[in-house]
Amino acid sequence: MELFLQQVVSGMVSGSIYALIAIGYVIIYKATDVVNFAQGDLVMAGAYTGILTYSLLSLPFGVMVIAVVGVGAGLGLGVGGMVSLMLVRFQSSMVNTIIVTLAVGIVLNSTAMLIFGPNPYPLPITFGKVPISLWGVRITPLSLVVIGFSAAVMVVLSGFFRFTRLGKAMRATAQNRDAAALMGISVRKMFALSWMIGGVLGALGGMLLAPLILAEPSMGIVAVKAFAAAIIGGFTSLPGAIIGGFVLGVLENLAGGYMSTAFKDGIAYFALGAILLLKPTGFFERRAVRRV
Amino acid sequence: MKHAKTFLTFLALIWLALPGLAPAADRTGVAADTITIGMFGFYTGAGSFYGTGARDGAMLAINEINGAGGVHGRKLKVIIEDDRSTPAGSIAAARKLIYSDKVFALINQGGSNPLVATLPILKESNVPVLGQMPSSPKVTRPFHRTIFRAASFNDQLQGWLIADFVMQHLKPSRVAILAQSDEYGKVGAQYVIERLQAQYKVAPVAVVEHDRDATDLSAQVLKLKETKPEVVILYTYLRPGAIYLRQAKELGLGAQVVGSVAAGQRVTVSLAGENAEGAMFFTYLPILEESDNPAMVAFTKKWKAAYPNVIDPGRPALPDILGYVATRLFAKALEAAGKDLTREGFVEALENVREFSQDGLMMPITFTSTNHDGMSQATFFVIKGQQRQMTGVVVGGRKLLDEINAMKQ
């Protein structure tokens, strides 16, 4: 039982980060119908921003967080701006637009490689070295902070979308752009805000990941799992993305612990395929029914 | 008389045709003032730490050689291709360099996985290849005349030496292995297990794998912990090795760590921090990169002068040294092959390299006409107080390498 609980707790740590990044995908997609394939490289940018400010420049933790949020917002806006340019100004197809997000990701990746090189970098944040033991389950203060921070961000976002005017405006735009525009909501501003929030979530995910997995230019590949988590939850459902993230993290660990560690990563995608066979829209996506 | 004349005419014709019947000396890539060399490796992707280091070290050597006038008056012209740490990338890079760029010889700085996939093309083309990174035994066995491994260690020998070190110096009763699930990890682990069983009649209590790009090893650590090992042998790359060290500490797995050369680098100390305390790693550097040995200090100085914009404090590291030394060896063989440079002459010159170590920066490299694995000696370092210290234990030797080469393939 102890081993099972330990696997679950360890899985929740990575799951919380998948959830954070997955929400970024969903927010952007819900507002703009665009899948942001640069999300993984925004994660990487967040990690390196953390390393630059906290490790290399020895700035305080709070300054690091502000810098990461700023970089995430800026890059998110930048990618969103390019996407808008493609779709609106150049009337480009969705495929071309998605390729633009891929291209931005490659540019970010190459920039990180040029500046920092290929070596992994640590982000030495620990919040205490001694693991806490609860009912035989060990968890480090860092892991608790990662889960807690991710949960706090999700709660804040949830509150933002439910109780603030701006959040409601974003939800209205995601539901029906035309109606939102008729109600006086600036759809352009809502798009920009969505990209900004998506970028911030990706960058914060990277900042939390770096102490756990070390930063290197290719670390953005973790966003592929977050993408899978978003699909499991239903690609337009925020609660679904959160649950999808945690389910994927825990499933990976249990599969690795009880089946085969060699296929720990592969088994997660196998499960994704199985879930989609049973419920193609994901667990929380409601199929839109058009009455004629 | 008539038949004698016919016979003599026939002999004369044969004599005149003989030079045409002999295979022409292959001078592809050799011009009046340049020798074109192809260099390909994993400069991006999972192995980029090793590939870019080897490339930078190699280019430092190339620039030094060209600055001193080249080899017999010919400058070395290098064409570089990235294999992206993938077999498909390696095959494409090799094809381009061989058939499109028509290089004289190749330097490979890629991993075992990509290079093993490329071997059929390399063997078919008969272009001389000097491997600087790949460690798979398949690179040099079956033996092929034009393929050499200069500065990385044959995984079969490394696996045996790690097993020997663990059993002879640490003497555990319970040994477990954590290995990467690709060619590098699988093959290395296979030979560790083979040596443990054949020489010491010991079977590992657990053999656990992880994906090369894995970012969380908690499942693996928990699986190992269940078997209560005294020693865990890591056959893995740098980042998963550092992640293992952290997570093993977090999850209470206190086994002694002995790792392969890829996992134990200069930067491991900063990556794993206090979690690396007591961990031991295989290395083929007789002197550590951070030591104050005059040869290492001189190398570091010229490396930093060549790469002033590299901000990484962990460099130069082993891959940089490896690339530099192996390329110096490459140039020495070009020199020994003479002004009338041919591929055959270059291969012969490589086979005559004896005890090459470039100021003692690496363990000595020797090739023969039947053994193209250059290195056979290694040592181990231990991390104590966030510093690396040599253990002073030297392992290996040509006798063991010859034993491996004599084994049935």
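Me: Into which domains is chain B divided in this predicted model?
Reply: The model is predicted. Each domain of chain B is built from two stretches of residues. The division gives domain 1 (34-153 + 291-375) and domain 2 (156-283 + 380-406).

Me: How far apart do the C-alpha centres of domain 1 and domain 2 of chain B lie, and which helix gives the most to the side of domain 1 that touches domain 2?
Reply: The C-alpha centres of the two domains of chain B are 27 Å apart. Their contact takes 17 residues from domain 1 and 20 residues from domain 2. On the domain 1 side there are 7 nonpolar, 8 polar and 2 charged residues. With 3 residues, the helix that gives the most to this side is α4 (residues 112-125) of chain B.

Me: Which element of chain B supplies the largest share of the side that touches chain A?
Reply: This contact takes 34 residues from chain B and 27 residues from chain A. The chain B side divides into 13 nonpolar, 12 polar and 9 charged residues. Among the elements that give two or more residues to it are α2 (48-67), β7 (206-210) and α7 (218-226) of chain B. The largest share, 6 residues, comes from α7(B).

Me: What distance separates the end C-alpha atoms of helix α8 (residues 187-213) of chain A, and why is that distance expected?
Reply: Helix α8 of chain A has 27 residues, and 23 of them are buried. L214(A), which follows this helix, has a positive phi near 70 degrees. Because a helix should span 1.5 Å a residue, 39 Å is expected for α8(A), and this agrees with the end-to-end C-alpha distance of 38 Å.

Notes
Residues numbered from 1 in each chain as written. Chains lettered and ligands numbered in written order. Predicted model: local features only at pLDDT ≥ 70, side-chain atom pairs only at ≥ 80, totals over all residues. Domains from an automatic or database assignment. Contact = placed C-beta atoms within 7 Å. Helix = DSSP H or I, 4+ residues; strand = E, 2+ residues; numbered from the N terminus. Nonpolar A, V, L, I, M, F, W, Y, C, P; charged D, E, K, R; others polar. Expected span 1.5 Å × (residues − 1). Buried ≥ 20, exposed ≤ 12 C-beta atoms within 10 Å, placed from the backbone.
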